[in-house]
Amino acid sequence: MSCTLYLLVSRSDVCNARSLFTLTRPSLLYRTLSSGAQISRSLQESYRLLQLPDEADSSPVQVKEAYLRLAKLYHPDSGAPTADAALFARVEEAYRAVLSHQSKLKPPHLSEEVEEDEGKTRGAALQHRHYLSYEGVGSGTPSQRERQYRQIRVDRVSEQVLNYRQREHERAAAAEGALVERDMRQRSQKIKITQAVERLVEDLIQESMARGDFRNLSGAGKPLNKFEHNPYADPMTHNLNRILIDNGYQPPWVVTQRDIRENTAQIRKRLLEGRARLGDPMTPKEHSQWDQICASVEEDLVKLNKMVDNYNLIVPMLNMQMVHFSLSREIERAVKGAHQHRLEQQREREKERERRKEEKKRANAIIKHKNTKRGLMSWMQNLLR
């Protein structure tokens, strides 16, 4: 009996010691402390988001496994139908919050293991940060996603450029429409004025006809013959020419010929006036001025000769073609014209001088006649006295 009691007491002591040793184990102490501590609601939400069974019984390994399981479901590059970048970011934040909470309550001898696991997850998290960048577009490795994101940015810039050009085109079209509208208003105003003038002229013609002002005309009652009949011309060509002339049409070679005549007259007038202002013979200063005038005229003659070439290409008859204008011939023409101009001015001055002499003689004769008449009257008065 005593031996049995001793064995029981000894056994109970061993059990108490074993239970005491169990309570003093670090992991059990960590669970006891973590279960007794109060955690915040956001931390509870993090545990719930990681789908951990119990905050106190969750080990770092279980937290890591839960994170990896959720990362496979929600990672943007997982290719799964449940992929969600925003939800994956929340899972990563919850995982970091749980690791931070457990690092505050972990025993000292477990810190190295947890730090190693955290370092490994931190290395993986850096890659996830790259995957979460680029606005969540693209797939593949970070470099592939970067290239895809650059291409997307290029496409956006191209689209913005196209939109800007479209807006500028619409603005230019609106401005052009305003100009067209203004031209239409001006044209309509001119048409109204022309119609008013035509009505006024028609009214005046009708009034003159009613008074009989046109009855003494030689061709009264006969149609006007605007075109001479040419038996050698094609009737169709003749009618077409009549229609074109009635509508104010001018062939291009006629317009070019008129421009050539006008430019030629301007050049010759400038040469003549420039040479007439200078003396004969010219001083060195006047020579330099004349050279400047000839240089400017030479540039104008080059343009004029180009117009002559264009005219010769479109003129309908060979005998109407023109030759190039030469600077030497134009200078010689200007010199002769200036000499003739000086002679005419000299003749004009001589005529003016003769005219003044005649006027002076006439005035002297009148004065002499008046003096003679006055002397005769005074002699008669003296005689009558």
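Student: Where is P281 found?

Tutor: Good place to start! P281 sits in the loop between α9 and α10. Please keep in mind that this is a predicted model.

Student: What is the peptide bond from D280 to P281 like, cis or trans?

Tutor: To read this feature, look at the omega angle of the bond. Here omega is near 5°, and the peptide bond from D280 to P281 is cis.

Student: How many helices and how many strands does the secondary structure of the chain come to?

Tutor: The chain has 11 helices and 0 strands. Read from the N terminus on, its elements run α-α-α-α-α-α-α-α-α-α-α.

Student: What share of the 385 residues of the chain counts as buried?

Tutor: Of those 385 residues, 18% count as buried. For a single case, take A71, which lies in helix α4, residues 60-74. A71 counts as buried because its relative accessibility is 10%, and the cut-off for buried is under 20%. You can also relate A71 to A83, which is 12 residues away along the chain: their C-alpha atoms are separated by 9.0 Å.

Student: Now to charged side chains. How many salt bridges does a search of the whole structure find?

Tutor: The search finds 15 salt bridges. Let us read a few of them, beginning with R150 and E146, whose side chains meet with a distance of 2.8 Å from N to O. Both residues lie in helix α7, residues 142-211. They are 4 residues apart, which is about one turn of the helix.

Student: Is R150 exposed or buried?

Tutor: R150 is exposed, at a relative accessible area of 52%. Its partner E146 is partly exposed, with 29%.

Student: Which residue forms a salt bridge with R275?

Tutor: That is D280, the residue we met at the cis bond to P281. The closest N and O atoms of R275 and D280 are 4.0 Å apart. The two ends of this pair read quite plainly: R275 counts as buried at 7% relative accessibility, while D280 counts as exposed at 54%.

Student: And how far apart are the closest N and O atoms in the salt bridge of R342 with D280?

Tutor: For R342 and D280 the figure is 3.9 Å. R342 belongs to helix α11 (residues 327-384), whereas D280 is in the loop between α9 (252-277) and α10 (284-314), so this pair ties together parts that are 62 residues apart in sequence. R342 itself is partly exposed, with a relative accessible area of 21%.

Student: Which residues do salt bridges that share partners join into one network?

Tutor: The network is made of E352, R355, R356 and E359.

Student: How should I read two helices that pack together?

Tutor: Two packed helices are described by the angle between their axes and by the distance between those axes. Let us try α9 and α10: their axes come within 10 Å and cross at roughly 165°. Angles over 145 degrees count as roughly antiparallel, and therefore α9 and α10 are roughly antiparallel to each other. Their crossing is left-handed.

Student: At what angle do α10 and α11 pack?

Tutor: The angle is about 130°, and the axes are 10 Å apart. That makes α10 oblique to α11. As for handedness, α10 passes α11 in a right-handed crossing.

Student: Let me turn to the surface. Which residues form a nonpolar patch there?

Tutor: The patch is formed by I193, V197, V201, I205, M209, F214 and L217. Together they have about 600 Å² of accessible area. One of these residues, I205, has its place in helix α7, the helix that also holds R150 and E146. I205 is partly exposed, with a relative accessible area of 33%.

Student: One last feature, the backbone angle phi. What is phi of Q51 near?

Tutor: Phi of Q51 is near 60°. The point to notice is that this value is positive in a residue other than glycine. On the structure, you will find Q51 in the loop between α3 (41-49) and α4. Helix α4 is also where A71 lies, which brings us back to a residue you already know.

Technical notes. Residues are numbered from 1 along each chain as its sequence is written. This is a predicted model: local features need pLDDT of at least 70, side-chain atom pairs count only at pLDDT 80 or more; totals for chains, interfaces and linings use all residues. Side-chain values use heavy atoms; hydrogens and water are left out. Helices (H or I, at least four residues) and strands (E, at least two) are DSSP runs, numbered from the N terminus. Buried means under 20% relative accessible area, exposed over 50%, partly exposed in between (1.4 Å probe, protein chains only). Patches are made of residues with over 30% relative accessible area and no salt bridge: like charges are joined within 9 Å, nonpolar side chains (Val, Leu, Ile, Met, Phe, Trp, Tyr) within 5 Å. Accessible areas come from the Shrake-Rupley method with a 1.4 Å probe; for residues, only the protein chains shown count as cover. Axes are lines fitted to C-alpha atoms, for helices over the stretch in contact, and angles run from 0 to 180 degrees between N-to-C directions. Angles under 35 degrees count as roughly parallel, over 145 as roughly antiparallel, 65 to 115 as roughly perpendicular and the rest as oblique. A crossing is left-handed if the near helix is turned anticlockwise from the far one by less than a right angle, and right-handed if clockwise.
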